[in-house]
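Please walk through the structure shown below, beginning with the surroundings of one side chain and then turning to the packing of one helix.

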Amino acid sequence: MYKELKMAAQEAVSEMVELEPATPFTRLMQTSYFNLTVIAVMGFATPVDIANVRHDVSEKLAKHPRFSSILVMEDEKGYKMSWKPTIVKIDDHVFEHELDPELDTKQADLFLEEFTKTLSQKPFDPSKPLWELHLLNMKTANSNATIVFKIHHSLGDGVSLISIVLAVGCKSSDPEALPVLPKSTKRQSKRSKKGCLNAFFSLIWTAILMIYYTVVDSWVMVATILSLRDSDNPLKGGEGIENSPKRFVHRILDMDDVRFIKNTMETTVNDVFFGVTEAAITRYLQRRYEKNTANGEKEAAKKTLRKLRMRAAVCFNMRPSATIQDAYEVMRGNKKLDSKTWGNMVSFVLIPMKLKVHEDPLCYLRDAKALLNRLKISAQSIIGYHAMRHVIRTFGIMYGGYIVRKLHHNISFDISSVMGPREEMNLFGSPIAYLAPSVSGMPVSTLIHFQSFGNKLILSVALDEKLVPDPQNLCDDFQNSLVMIKEAVVKRIDADEKKKKKTQQECHNESRILPRCGTGCESVV
């Protein structure tokens, strides 16, 4: 592939075409170690007209600079790569597939899984923009039509790519209005009534914790890259796992349940996501280990779980992403592409999994909240990003790709989340039922992604079937864990209400038997 990219660069120079330099992480995603492709499954409530798809793609999507450019290499080591504008031929990117009209819903779901699995294994043609769109007009369990987007991750981060695709559509309630992605807001902490001296010492203590956690987290990250491996477990892959075929499955959950838990327990959405993940992974592994014991002993499985070292890598964006309105203005030509909000500026943090079976499901939520609050103090992600950027610029993308692959080979799985619009919206003239994005090419066996869309939460999982032969059971564990935590919250609310009523009743009874003074007030005993 490097040869083709270099030839394209030489052609661009001869044609005197203006090239836009690619970011370090864009170049990193062109290596065989970290060659990532986004596979996004979008379900629609009604069948989709291919004529509407071709029109909107040619008039909007294909006019975006990243979707109308190819990536060219100016040297063999990848020190310099650039975006070269090119002409987009819609027939090379938009495809409608003829399907068996006799397929039932279950067969259609299996066909979709096989289709995405096969599609993810086909490499891109570097002489064309790195994206494709595949229309499948068939009824599945959750939609009446499906479009599969295949987009190389070097075109942008997850939020940016979702923004550009959704900018082609509109709100269902207002065809002239664009949907809006929710802004990330920080929970406001309660103001402390302590004096200036206490506030000063609190600030000093926070700085000490930040330095301590940053040093510890950075050292663990370096040790993991070198030799610190997770324990062997059913979710952990090995060498070459990035090249193994992945199956893509999804499950639609209730986002209102997540918001209910978040508001009631005063946590964040990510706290709920990670709490559910820890509960689901624990349930899944416990069942797998019970099958391996002689008599399916639960205590033996629990003991095995407690001994495991299992960690997940969380990939997140280091800067504010482009909004849907920004992407729309760029496609219209009213705004230039801002490199500060578009591209890949990402970093990783490692999250240890506490694989313990709790009687109280809220323990998973408390553990997740405590862990994420502790990670927010650390600056390891910032240091890690700049260190990787320096490695890529100094030694080339192959060394950077090797480091990222080595890191992922020594952990168990990846997890990510992206917030989608809260409004119902239309795309290509049809209402969207759900959006389930995932990624292929990651050097891990399992990738778990949470995607909100309206009042729905889509759990999207990419996994190696040889290691995880029962993907639907894993999805069941996530669904059951969310319900389990929600029911525990409801029980807690009911218990608090009963306790409050009991206290009020006791106070009322005491007030009736207390003697009163002549002024009408209760006498003090």
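In this predicted model, the side chain of Gln451 makes a polar contact with the side chain of His449, at 3.5 Å, and a polar atom of the Gln451 side chain also lies 3.3 Å from the backbone oxygen of Val418. Gln451 itself belongs to strand 15, which covers residues 446-453. Because its relative accessibility is 0%, and buried means under 20%, Gln451 counts as buried. Leaving aside residues up to four places away in sequence, Gln451 touches Ile162, Val418, Met419, Gly420, Leu435, Pro437, Lys456, Leu457 and Ile458, so that Val418 appears both in this list of contacts and as the owner of the backbone oxygen mentioned above.

A second region to follow is helix 6, residues 196-226, whose axis comes within 8 Å of that of helix 11, residues 362-377, the two crossing at roughly 95°. Since angles of 65 to 115 degrees count as roughly perpendicular, helix 6 is placed in that class relative to helix 11. On the helix 6 side the contact is made by Thr206, Leu209, Met210, Tyr213, Val216 and Asp217, and on the helix 11 side by Arg374, Leu375 and Ile377; by class, these comprise six nonpolar, one polar and two charged residues.

As for the helix itself, the 31 residues of helix 6 should span 45 Å at 1.5 Å a residue, which agrees with the 45 Å between its end C-alpha atoms. Buried residues of helix 6 include Leu209, Tyr213 and Asp217, along with Met221 and Thr224, and the buried residues of this helix pack against strand 10, strand 11, helix 11, helix 12 and helix 13.

How values were computed:
Residues numbered from 1 in each chain as written. Predicted model: local features only at pLDDT ≥ 70, side-chain atom pairs only at ≥ 80, totals over all residues. Heavy atoms only, no water. Helix = DSSP H or I, 4+ residues; strand = E, 2+ residues; numbered from the N terminus. Buried < 20%, exposed > 50% of the residue type's maximum accessible area, 1.4 Å probe, protein only. Polar contact = N/O pair within 3.5 Å; in protein donor to acceptor, adjacent residues only side chain to side chain. Contact = heavy atoms within 4.5 Å. Axes fitted to C-alpha atoms, helices over the stretch in contact; angles between N-to-C directions. Parallel < 35°, antiparallel > 145°, perpendicular 65-115°, else oblique. Nonpolar A, V, L, I, M, F, W, Y, C, P; charged D, E, K, R; others polar. Expected span 1.5 Å × (residues − 1).
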